[in-house]
Amino acid sequence: MAYSYLLSFSICFLVLHGCFAQIEQVTRLTRLPHQHRFQTECRLDNLNAQEPSKRIESEAGFTEYWDQNDDQFKCAGIALLRHTIQRRGLLLPSYSNAPRLFYVAQGKGIQGAVLPGCPNTYQSPLQFGNRRTQQRIEDSHQKLRPIREGDILVVPEGMAQWIYNDGNNQLVLVGFYDTLNEENQLDQNPRDFYLAGNPQEQSEQRSRGQSHRGKQDNNGNNVFSGFDKRCLVESLNIREDLVDKIQSRKEDQRGNIVNVQDDLQLIAPGREDDEEREDRQQEGRRENGIEETFCTQRLKHNTDDPQLADFYNPRAGRATTLNSYVFPVLERLQLTVVRGFLYKNALVGPYYNLNSNSVMYGLRGNAKVQVVDDNGDNVYDGVLREGQALVVPQNYVVLKRAENEGFEWVSIKTNDNAITNQLVGRLSIIQALPVDVLQNAFNIDENDAFQLKNNRNEAGVFSPSESQSQSRRE
């Protein structure tokens with residue numbers, strides 16, 4: 001009798017242990033331990049709005065790169081590039097040593113991201129042969145994501161992605177590489193490992209002294225190019241002439257964005273797919289690690305919907321923040337995204353980032369931007385224009401005012417729950433201080449201290465003051 005009780009207890013223990021182990025495994029896949037960014041020294045007493053320093057042409061578009069060795073980008077630990085993909089252009093599959101985040105600045109297309117070890121859940125029809133001997137089969141692959149202007153695309157480190165422009169206009173993507181992320185175990189240089197083609201960016205690196213790795217001069221620049229041909233024939237179980245094409249010799253001058261002669265034979269969901277519906281249903285709700293497993297995690301979120309704005313002022317504009325509470329995969333990247341719209345002469349700030357550096361990219365229009373450091377020195381006083389990027393170090397105070405055509409921007413902040421502290425307006429430091437403290441701190445009378453505290457009751461984005469509007473009319 002005692003033996004049977006002992007046996008029953010042991011079986012129950014094993015079953016419960018297995019259940020908890022499965023839950024723990026799912027949680028580990030979805031929620032990594034809180035990551036820490038590598039520290040870098042930031043001594044910036046003069047900031048500049050940066051434009052791309054290099055442009056590499058491809059068959060169906062071009063890629064522009066900002067100077068990754070600039071002190072400002074090294075301080076933030078962010079590297080920037082911009083892909084412009086023509087109609088029917090395919091950005092070749094690649095993965096990187098650093099987590100990547102892309103903002104779709106223009107156009108529409110299809111993105112494929114390959115999550116390692118996850119099943120192929122999509123099927124697309126394929127047709128082979130001519131009209132007489134035509135064969136039709138089903139091709140299985142991982143999820144396809146329709147992308148459009150305003151989308152944020154997250155590509156964790158080591159995850160391969162490709163992008164295809166199936167629209168009628170150019171597809172423009174701004175890429176941010178988080179090179180200081182703990183998951184990047186190589187160095188602070190962003191490295192794209194291409195699975196196909198002969199990307200010219202890789203050949204430029206090799207021509208600057210990286211050819212000592214033993215590669216043959218006639219080889220291409222994708223990850224298959226350096227292997228012995230016979231080994232690939234055996235490993236891939238294909239013909240030798242097909243290996244030649246995969247290794248992509250130097251004669252292949254198409255670059256990293258290639259032209260597709262006929263439309264890709266892909267079937268993707270409608271423009272409003274499951275992920276976007278989940279965005280609205282799960283807005284503001286923290287995932288617990290079971291609903292969202294590794295293979296089903298959301299990797300796309302649109303930021304242009306006015307209904308999702310965190311701050312909205314009908315006279316000034318709006319701002320939307322994506323952090324790990326809204327978009328859980330950002331916890332893995334340790335990044336926050338802010339998308340902003342300012343109307344003519346509207347303002348944001350002064351404010352500072354409490355726990356992050358920030359890279360601000362101008363999408364449309366212009367803004368007068370000023371940045372002040374801990375010594376009270378103005379380290380940037382200029383106009384941030386469309387296509388330019390500006391690094392704002394942690395705790396530096398920022399004030400921006402849109403010019404006549406308004407201003408739109410996207411900012412990447414180096415913390416998955418980046419906090420902004422306003423100096424003026426509702427919910428600001430000024431309004432949180434007693435009038436007597438303001439009076440004595442600034443050596444002003446009580447009436448002026450009261451006006452300083454209460455004259456601006458807007459939050460986040462500010463409409464032009466009456467005096468400013470009147471002076472501009474004059």
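**Exercise 1. Place strand β10 in its sheet.**
Task: which residue is the bridge partner of Arg-100 in β10, and which strands flank β10 in the sheet?

Solution. Start with the pair itself: Arg-100 has Val-155 of β10 as its bridge partner. A quick word on what you're looking at: this is a predicted model, where local features need pLDDT of at least 70 and side-chain atom pairs count only at pLDDT 80 or more, while totals for chains, interfaces and linings use all residues. Residues are numbered from 1 along each chain as its sequence is written, and side-chain values use heavy atoms, with hydrogens and water left out.

Next, go up to the strands. Helices (H or I, at least four residues) and strands (E, at least two) are DSSP runs, numbered from the N terminus; two strands pair if DSSP finds at least two bridges between them. Strand β5 (residues 100-106) is joined to β10 by four bridges, running antiparallel. On to β15: three bridges link this strand with β10, again antiparallel, and Asp-151 sits opposite Asn-302 of β15.

Now zoom out. The open sheet has seven strands, ordered β1-β2-β3-β12-β5-β10-β15, with antiparallel pairing. So what holds such strands together? Strands of a sheet pair through backbone hydrogen bonds, either parallel or antiparallel. At the edges are β1 (54-58) and β15 (300-302), each of which pairs on one side only. Ignoring direction, neighbouring strands here are turned by 20° against each other on average (axes are lines fitted to C-alpha atoms, for helices over the stretch in contact, and angles run from 0 to 180 degrees between N-to-C directions).

**Exercise 2. Check how enclosed β10 is.**
Task: work out how many residues of strand β10 are buried, and which residues cover each face.

Solution. Set the cut-offs: buried means under 20% relative accessible area, exposed over 50%, partly exposed in between (1.4 Å probe, protein chains only). For β10 (residues 151-155), five of the five residues are buried, so the strand is largely enclosed by the rest of the structure. Then split by face. In a regular strand the side chains alternate between the two faces of the sheet. Asp-151, Leu-153 and Val-155 are on one side, Ile-152 and Val-154 on the other, and all are buried.

**Exercise 3. Find the nonpolar cores.**
Task: say how many residues the largest nonpolar core has, and which strand gives the most to this core.

Solution. A nonpolar core is a set of buried Ala, Val, Leu, Ile, Met, Phe, Trp, Tyr and Cys residues joined through side-chain atoms within 4.5 Å. The largest one has 61 residues, and Leu-101, Leu-173, Phe-176 and Val-359 have the most contacts inside it. Strand β12 (residues 171-178) contributes the most, namely six residues. There's also a second, separate core of 24 residues, including Val-338 and Tyr-396.

Now follow one core residue. Contact means heavy atoms within 4.5 Å. Beyond its neighbours within four places in sequence, Val-359 touches, among others, Phe-73, Ile-78, Phe-176, Leu-390 and Ile-412. Ile-78 in turn stands opposite Asp-178 in β12, and β3 (residues 78-85) pairs with β12 over eight antiparallel bridges.

**Exercise 4. Two buried polar residues in one loop.**
Task: are Asn-221 and Ser-225 buried or exposed, and what do their side chains reach?

Solution. Take Asn-221, in the loop between α3 (200-210) and α4. Its relative accessibility is 7%, so Asn-221 counts as buried. For partners, use polar contacts: pairs of N or O atoms within 3.5 Å; within protein, one must be able to donate a hydrogen and the other to accept it, and residues adjacent in sequence count only if both atoms are side-chain atoms. The Asn-221 side chain makes one with the side chain of Asn-198 at 2.3 Å, and reaches the backbone oxygen of Pro-199 at 3.4 Å.

Ser-225 is also in the loop between α3 and α4. With a relative accessible area of 0%, Ser-225 is buried. A polar atom of its side chain lies 2.8 Å from the backbone oxygen of Gln-247. Along the chain, Ser-225 and Arg-249 are 24 residues apart, yet their C-alpha atoms are separated by 7.9 Å.

Finally, step into α4 (residues 229-236): Asp-228 caps the N-terminal end, with a side-chain oxygen 3.0 Å from the backbone nitrogen of Arg-230. After α4 comes Asn-237, with a positive phi near 60°.
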